[in-house]
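Me: I have a structure to go through and would like short, reasoned answers. Please take the questions one at a time.

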Amino acid sequence: MDFSGQLDDLQQRAAKAKQAAQDAASESRDQLRQRIDQAKVDVDLATKDARQDASAAAASARSKWAQMKTDAAAKMDDLQARIDKRADQVDANLANDDAAWAEDDAAAAIDYASWTVDNARLAVLDAIDARVYADELAQNAGG
């Protein structure tokens, strides 16, 4: 299994997310809306992939991680609904409360991503150890 390639992809995605946040800080609202629309498309595609992966894993009952991906996809659906609702708000206090909620959600998502990366590291190391152990047992049994 190519864990290094998957981790490289994760690192590149994190770098792109960081760059997007830095770029967005100086953009107009129209530019931000375009960026959000593109991010929605990207998240929708990832959500579909996550649901397909979860369905496949559920069918074989292989992974708690697949369920976590499905839960995260549901969270993204809720986030998208809030983004869509924001356009209908006219009250400044309501908009300020919404901004505070959005900032809290962003901070929580980053914390979750950090936790997920730490758990991915542990899972990768465990998988490598399990493969090395299985290979050693196979070699000892054959030798």
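Me: Is Asp-135 buried, partly exposed or exposed, and what is its relative accessible area?
Reply: The model is a predicted one, and the value is computed from it. Buried would require under 20% relative accessible area and exposed over 50%. Asp-135 falls in between as partly exposed, with a relative accessible area of 43%.

Me: Which residue meets the side chain of Asp-135 in a salt bridge?
Reply: Side chains of opposite charge can pair when their charged atoms come close. The partner is four residues away in helix α4, about one helical turn from Asp-135. The partner is also exposed, with a relative accessible area of 52%. The N to O distance is 3.8 Å, and the residue is Arg-131.

Me: How many helices and strands does the protein have?
Reply: From the N terminus on, the elements run α-α-α-α. The count is therefore four helices and zero strands.

Me: How far apart are the end C-alpha atoms of α4, and what span should its residues give?
Reply: Helix α4 covers residues 92-142. At 1.5 Å a residue, its 51 residues should span 75 Å. The distance between the end C-alpha atoms agrees with that, at 73 Å.

Me: Which residue caps the N-terminal end of α4?
Reply: The cap is made by a side-chain oxygen that lies 2.7 Å from the backbone nitrogen of Leu-94. Helix α4 itself is residues 92-142. The capping residue is Asp-91.

Me: Which residues of α4 are buried, and which helices are included in what covers them?
Reply: In α4, the buried residues are Asp-98, Asp-105, Asn-119 and Val-124. For Asp-105 the relative accessible area is 18%, and the cut-off for buried is under 20%. What covers the buried residues of α4 includes α1 (3-24) and α3 (64-86).

Me: With which residue does Asp-105 form a salt bridge?
Reply: The closest N and O atoms of the pair are 3.7 Å apart, and the partner of Asp-105 is Lys-75. Asp-105 lies in helix α4 and Lys-75 in helix α3, so the pair ties together parts that are 30 residues apart in sequence. Asp-105 is buried, whereas its partner is partly exposed at 41%. The name asked for is Lys-75.

Me: How far apart are the closest N and O atoms of Glu-27 and Arg-35?
Reply: A search of the whole structure finds three salt bridges, and Glu-27 forms one with Arg-35. Glu-27 is partly exposed, with a relative accessible area of 21%, and Arg-35 is partly exposed at 29%. Their closest N and O atoms are apart by 2.6 Å.

Me: Which residues form a nonpolar patch on the surface with Val-117?
Reply: Val-117 is found in helix α4. A residue needs over 30% relative accessible area to belong to a patch, and Val-117 is partly exposed at 39%. The patch has about 210 Å² of accessible area together, and the residues that join Val-117 in it are Leu-7 and Leu-10.

Me: What share of the 143 residues counts as buried?
Reply: The protein exposes about 11,100 Å², and carbon and sulfur atoms supply 55% of that area. A residue counts as buried under 20% relative accessible area. Of the 143 residues, the share that meets this is 10%.

Notes:
Residues numbered from 1 in each chain as written. Predicted model: local features only at pLDDT ≥ 70, side-chain atom pairs only at ≥ 80, totals over all residues. Heavy atoms only, no water. Helix = DSSP H or I, 4+ residues; strand = E, 2+ residues; numbered from the N terminus. Buried < 20%, exposed > 50% of the residue type's maximum accessible area, 1.4 Å probe, protein only. Areas by Shrake-Rupley, 256 points an atom, 1.4 Å probe, with all protein chains shown as cover. Patch = residues over 30% accessible without salt bridge, like charges linked within 9 Å, V, L, I, M, F, W, Y side chains within 5 Å. Salt bridge = Lys/Arg side-chain N within 4 Å of Asp/Glu carboxyl O. Expected span 1.5 Å × (residues − 1). Contact = heavy atoms within 4.5 Å. Polar contact = N/O pair within 3.5 Å; in protein donor to acceptor, adjacent residues only side chain to side chain.
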